[in-house]
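Student: I'm new to this one and would like a close look at a single part of it. Could you walk me through it slowly, with its surroundings?

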Amino acid sequence: MKSFFKSFFIFFSGMMFSGFLLIALIISFVLLFQSQTNKDLQNDSFLVLDYNGEIIEKPNETSLFFPNNKIRLKDITNAIDKARFDNKIKFILIDGDFTQYPMNYVYEIEKELQNFKKSGKKVYAWFSNSGGSAYTLCTAAEKIAMPNTN
């Protein structure tokens with residue numbers, strides 16, 4: 001009978017420890033994801049479109065250990081659309097370096113940039129070495145800045 005209570009106490013203690021560990025893990029994940037939410041913007045802020053990864057149309061699985069370098073096209077267009085209605089965002093800056101997107105994605109982003117400009121806000125672009133789709137994307141801007149390439 002003594003060994004039964006000893007075994008039961010060890011089992012119960014292990015279950016309690018595992019429960020507390022699980023709760024601590026859940027709380028830490030919640031705090032981690034809450035810290036990644038948007039902070040309050042200051043007045044005269046701007047949105048920077050600076051993405052040199054792959055754009056996809058549908059989401060795929062992500063892993064904590066192997067994060068992917070992909071963003072959804074809808075996330076980009078939604079960010080531009082939200083910036084259009086946010087009074088604290090005054091303009092968009094496009095960083096065109098190393099951006100090679102499929103042309104149909106460029107046209108979708110450019111269409112959203114044109115809607116952004118209709119709200120009276122400006123779009124600027126910058127790139128040092130680019131071509132093709134990045135150049136096409138940057139033509140949506142009022143001004144394009146490039147370094148001298150003598």
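Student: Let's take Asp95: in which strand does Asp95 lie? Please start there and work outwards.

Tutor: Happy to. One thing up front: this is a predicted model. Asp95 sits in strand 4, a stretch that covers residues 89-95.

Let's begin with the residue itself. Asp95 has a relative accessibility of 18%, so it counts as buried, the cut-off being under 20%. Even though it is buried, Asp95 has no salt bridge. Look for the nearest side chain of opposite charge and you arrive at Lys117, 18 Å away. A salt bridge needs a nitrogen and an oxygen within 4 Å, so that pair doesn't qualify.

What does Asp95 touch, then? If you skip its neighbours within four places in sequence, Asp95 is in contact with Leu49, Asp50 and Trp126. Trp126 is also its bridge partner in strand 5. Close by in the same strand is Tyr124: its C-alpha atom and that of Asp95 are separated by 8.9 Å, with the two positions 29 residues apart along the chain.

Now zoom out to the sheet. Four strands make it up, in the order 1-4-5-6, and the sheet is open with parallel pairing. Strand 1 (45-49) and strand 6 (143-145) are the edge strands, each pairing on one side only. On average, neighbouring strands here are turned by 25° against each other, direction ignored. As general background, strands of a sheet pair through backbone hydrogen bonds, either parallel or antiparallel.

You can follow the pairings one at a time. On one side, strand 4 pairs with strand 1 in the parallel sense over five bridges. Ser45 has Ile89 as its partner in strand 4, and Val48 has Leu93. On to strand 5: five bridges join it to strand 4, and the two run parallel. Strand 5 then pairs with strand 6, again in the parallel sense, over three bridges. In that pairing, Ala125 has Ile144 in strand 6 as its bridge partner.

The faces of these strands are worth a look too. In a regular strand the side chains alternate between the two faces of the sheet. Strand 5 (residues 122-126) shows such an alternation: Val123 and Ala125 point to one face and are buried, while Lys122, Tyr124 and Trp126 point to the other and are not. So Trp126, the partner of Asp95, belongs to the face of strand 5 that is not buried. Strand 1 has a covered face with Ser45, Leu47 and Leu49, and an uncovered one with Phe46 and Val48. Leu49, one of the contacts of Asp95, is on the covered face of strand 1.

Next come the helices. Helix 2 (residues 73-85) lies across strand 1 and strand 4, running at about 165° to strand 1. Helix 2 also packs with helix 3, their axes 9 Å apart and at an angle of about 10°. Angles under 35 degrees count as roughly parallel, so that is the label for helix 2 and helix 3. Among the residues that meet there are Leu73, Ile76 and Ile80 from helix 2, and Tyr105, Ile109 and Leu113 from helix 3.

Finally, back to charges, since Asp95 has no salt bridge. The model has four salt bridges. One of them joins Arg72 and Asp75, with the closest N and O atoms 3.3 Å apart. Arg72 is partly exposed at 27% relative accessibility, and Asp75 is partly exposed at 35%. Another joins Arg84 and Asp81, at 2.6 Å from N to O. Both of these lie in helix 2, three residues apart, about one turn of the helix. Arg84 is partly exposed at 22%, and Asp81 is partly exposed at 26%.

And Lys117, the distant one from before? Its side chain meets that of Glu142 in a salt bridge, at 4.0 Å from N to O. This pair links distant parts of the chain: Lys117 is in helix 3 (residues 103-118), and Glu142 is in the loop between helix 4 (133-138) and strand 6, 25 residues apart. Lys117 is partly exposed, with a relative accessible area of 23%, and Glu142 is partly exposed at 37%. Asp95, by contrast, is buried at 18%.

Terms used: Residues are numbered from 1 along each chain as its sequence is written. This is a predicted model: local features need pLDDT of at least 70, side-chain atom pairs count only at pLDDT 80 or more; totals for chains, interfaces and linings use all residues. Side-chain values use heavy atoms; hydrogens and water are left out. Two strands pair if DSSP finds at least two bridges between them. Axes are lines fitted to C-alpha atoms, for helices over the stretch in contact, and angles run from 0 to 180 degrees between N-to-C directions. Contact means heavy atoms within 4.5 Å. Buried means under 20% relative accessible area, exposed over 50%, partly exposed in between (1.4 Å probe, protein chains only). Lys and Arg count as positive and Asp and Glu as negative; His and the chain ends are not counted. Angles under 35 degrees count as roughly parallel, over 145 as roughly antiparallel, 65 to 115 as roughly perpendicular and the rest as oblique.
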